[in-house]
Amino acid sequence: METSKHIFYYNLDRFFNIHRKTISDIFTDAMKDGQYLQGNETNELEKKLAGFTNRNHTITCGSGTDALFFALKSLAINGDDEILVPAFSFISTATAITRAGATPIFTDIDPGNGLMDLNDAKHKITSKTKAILFVDLYGNMPDGNTLETFAKTHKLYLIEDAAQAIGSERDGKKAGSLGDISIFSFDPTKPIHAFGTGGAILTDDKKIADYCKAARQNGKNPKTGQYDQFGINSRISESQTALIHWQLKTIDSQLSKRKTLANHYKSKLKNLPLETMVSEQFHYTGNFHKFVIQTKHRDVLKQLLAKHGIETRIHYGKCLYEHRVLSDYHSHCPNAETLANEVLSLPFYPELSIAEIDYICEHIKHYYS
Ligand SMILES: Cc1ncc(COP(=O)(O)O)c(C=O)c1O
């Protein structure tokens, strides 16, 4: 077995170097008319994203974190409200709720795919519950009809945190199309990314869209120029919206590369005593945002891979309520706690080579042999 490689968890400079000329041209074109914010590139991207997800409106903003915050604010969520949210996600899924002044109520997850367990959610509904903030974890999508019916039955707003899920689809429903509002993130770790931060809000409701358009510009109504509502400064530059737009046009080839690599990982790891939490099940397609394995030996395996130059990450090593910043909302969600102890994200990006995956898998197999 070869022992002297270094395999990064992310390798964005590979992406840049492969597409250097295209990216330079995109930036030059986007900058040449001197409009750096909210010009044609942003308008075009917003139209394209709306078409891509079958939504009526898309509003880009500075990050997925801000997109979640704007989504909650646009629904007039406030201090008396409780929001159902999975206990296992990125921190800002929950801190967006506390930032809006409301209370996160943590629900357990389905151990097979990491998605919110609606049975647990149902038991946690009270007269104060106003919304469900559902996360398409690792790009895995729920059954959209069941989720939307659940929200309607209990008269709750449904916000879809699709930060990790652009390009995923299940039973004809795209990530970004579920419920009242969806959000995307374009941070550099996402399948479609800015060279910096970026996010988007997607909705069919014009009032929500108008609220968010003003919210991203310090509350300025883009039509009247008046400051009539709450807002902060949260926009993406034209060069970045152009870069995101180009990636969206070529998303199919990127998804197919991700699928090939994920299948290769799966075939190499089959028969080992570990689970792969990969986002494709037979009746839907995921975007393969991450390649996550689940094993009771997570910490030892992580150390062993590091010794062989293989960087891995943990998404996520704590349930949300275990973070100090959220300790006022403590809960107990056994499935989420198990995953927090057992998940390990392996290097995964379209520019990863088959030989590198073979190298990683050889070391994993060696551990179990
Ligand atoms: C599930 C989830 N929600 C929200 C966010 C926040 O997005 P951003 O990093 O663009 O603020 C992320 C980003 O990592 C995420 O993974």
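A residue is called buried when its relative accessible area is under 20%, exposed when that area is over 50%, and partly exposed in between, with a 1.4 Å probe and only the protein chains considered. By this standard Met116 is buried, because its relative accessibility is 5%.

The model described here is predicted, and local features are reported only at a pLDDT of at least 70, side-chain atom pairs only at pLDDT 80 or more, while totals for chains, interfaces and linings use all residues. Residues are numbered from 1 along each chain as its sequence is written, and side-chain values use heavy atoms, with hydrogens and water left out.

## The ligand and its surroundings

A residue is near a molecule if one of its heavy atoms lies within 4 Å of it. There are 17 residues around the ligand, and those that come nearest are Gly64, Thr65, Asp161, Ser185 and Lys190. The residues of this shell divide into 5 nonpolar, 9 polar and 3 charged. In this division Ala, Val, Leu, Ile, Met, Phe, Trp, Tyr, Cys and Pro count as nonpolar, Asp, Glu, Lys and Arg as charged, and the others, Gly among them, as polar.

An oxygen atom of the ligand lies 2.8 Å from a polar backbone atom of Gly64. For Gln164, an N or O atom of the side chain is 2.9 Å from an oxygen atom of the ligand. The side chain of Ser185 likewise places an N or O atom 2.7 Å from a ligand oxygen atom. Taken alone, the ligand exposes 380 Å², and the protein buries 92% of that area. Accessible areas come from the Shrake-Rupley method with a 1.4 Å probe; for residues, only the protein chains shown count as cover.

The space taken by the ligand is the second largest pocket. A pocket is found on a 1 Å grid over the protein atoms alone, as an open set of points with protein on both sides within 12 Å along at least five of seven lines. A molecule sits in a pocket if more than half of its atoms lie within 2 Å of the grid points of that pocket.

Two elements, α4 (64-74) and α5 (91-99), give two or more residues to the shell around the ligand. The largest share, 3 residues, comes from α4. Helices (H or I, at least four residues) and strands (E, at least two) are DSSP runs, numbered from the N terminus.

## Buried positions in helices and strands

Which side chain does Thr60 contact? Thr60 is found in strand β1 (residues 57-61), and its side chain is joined to that of Glu46 by a polar contact of 2.7 Å. A polar contact is a pair of N or O atoms within 3.5 Å; within protein, one must be able to donate a hydrogen and the other to accept it, and residues adjacent in sequence count only if both atoms are side-chain atoms. Thr60 counts as buried because its relative accessible area is 2%.

Thr42 lies in helix α3. The side chain of Thr42 makes a polar contact of 2.5 Å with the side chain of Glu238. With a relative accessible area of 1%, Thr42 is buried.

Val85 belongs to strand β2 (residues 82-86) and is buried, with a relative accessible area of 0%.

## Positions in loops

Met116, introduced above, has its place in the loop between β3 (103-107) and α6 (118-123). Asp328 lies in the loop between α11 (298-307) and α12 (334-342); its relative accessibility is 68%, so it counts as exposed.

The loop between α11 and α12 also holds Tyr316. The peptide bond from His315 to Tyr316 is cis, with omega near 20 degrees.

Asn54 has a positive phi of about 60 degrees although it is not a glycine. Asn54 is located in the loop between α3 (40-53) and β1, and counts as exposed because its relative accessibility is 60%. Ala76, also not a glycine, has a positive phi of about 55 degrees. Ala76 lies in the loop between α4 and β2 and is partly exposed, with a relative accessible area of 46%.

## Separation in sequence and in space

The table sets out three residue pairs, with distances taken from C-alpha to C-alpha.

| Pair | Apart in sequence | Apart in space |
|---|---|---|
| Val85 and Phe134 | 49 residues | 6.2 Å |
| Asp328 and Ala100 | 228 residues | 15 Å |
| Met116 and Glu362 | 246 residues | 34 Å |

Definitions and conventions
On a 1 Å grid over the protein atoms alone, a cavity is a set of points where a 1.4 Å probe fits but cannot get out, and a pocket is an open set with protein on both sides within 12 Å along at least five of seven lines; lining residues have an atom within 4 Å of a point.
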